[in-house]
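Subject: Structure for you to look at

Hello,

Here is the structure I promised you. Please open it and keep it in view while you read my notes.

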Amino acid sequence: MAPPSTTLVQDHVALAEIELCGELIIAASAADGERLSPARIDEVLKVAAERSALAQPD
């Protein structure tokens, strides 16, 4: 039997997705209604800020 590996591998994309899911869960738990609106989801995920940053020329 091979010894357990001590090397840690981090998947930065997966970690970012987990963080975003956590932000959505927090927002959903604090929401008044049954669902988050698409605008609120975009706000939580900072979609508008990301789009404007990508749209600006270098």
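One definition comes before the rest: a crossing of two helices is right-handed if the near helix is turned clockwise from the far one by less than a right angle, and left-handed if it is turned anticlockwise. Please note also that this is a predicted model.

Now the overview. The chain has 3 helices and 0 strands. Read from the N terminus, the order is α-α-α. The chain has 58 residues, and 7% of them count as buried. About 5500 Å² of the chain is exposed. Carbon and sulfur atoms supply 60% of that area.

Start with α1. This helix covers residues 12–30, which makes 19 residues. From first C-alpha to last, α1 reaches 27 Å, close to the 27 Å expected. Its N-terminal end is capped by Asp11. There, a side-chain oxygen of Asp11 lies 3.2 Å from the backbone nitrogen of Val13.

Next, the packing. Two packed helices are described by the angle between their axes and the distance between the axes. For α1 and α2 (residues 38–45), the angle is about 130° and the axes are 9 Å apart. An angle between 115 and 145 degrees counts as oblique, so α1 and α2 are oblique to each other. Their crossing is right-handed.

Last, look at Lys46. This residue sits in the loop between α2 and α3 (47–55). Lys46 is not a glycine, yet its phi is positive, at about 60°. Is Lys46 buried or exposed? Its relative accessible area is 57%. Exposed means over 50%, so Lys46 is exposed.

Best wishes

Technical notes: Residues are numbered from 1 along each chain as its sequence is written. This is a predicted model: local features need pLDDT of at least 70, side-chain atom pairs count only at pLDDT 80 or more; totals for chains, interfaces and linings use all residues. Side-chain values use heavy atoms; hydrogens and water are left out. Helices (H or I, at least four residues) and strands (E, at least two) are DSSP runs, numbered from the N terminus. Buried means under 20% relative accessible area, exposed over 50%, partly exposed in between (1.4 Å probe, protein chains only). Accessible areas come from the Shrake-Rupley method with a 1.4 Å probe; for residues, only the protein chains shown count as cover. The expected span of a helix is 1.5 Å times one less than its number of residues. A polar contact is a pair of N or O atoms within 3.5 Å; within protein, one must be able to donate a hydrogen and the other to accept it, and residues adjacent in sequence count only if both atoms are side-chain atoms. Axes are lines fitted to C-alpha atoms, for helices over the stretch in contact, and angles run from 0 to 180 degrees between N-to-C directions. Angles under 35 degrees count as roughly parallel, over 145 as roughly antiparallel, 65 to 115 as roughly perpendicular and the rest as oblique.
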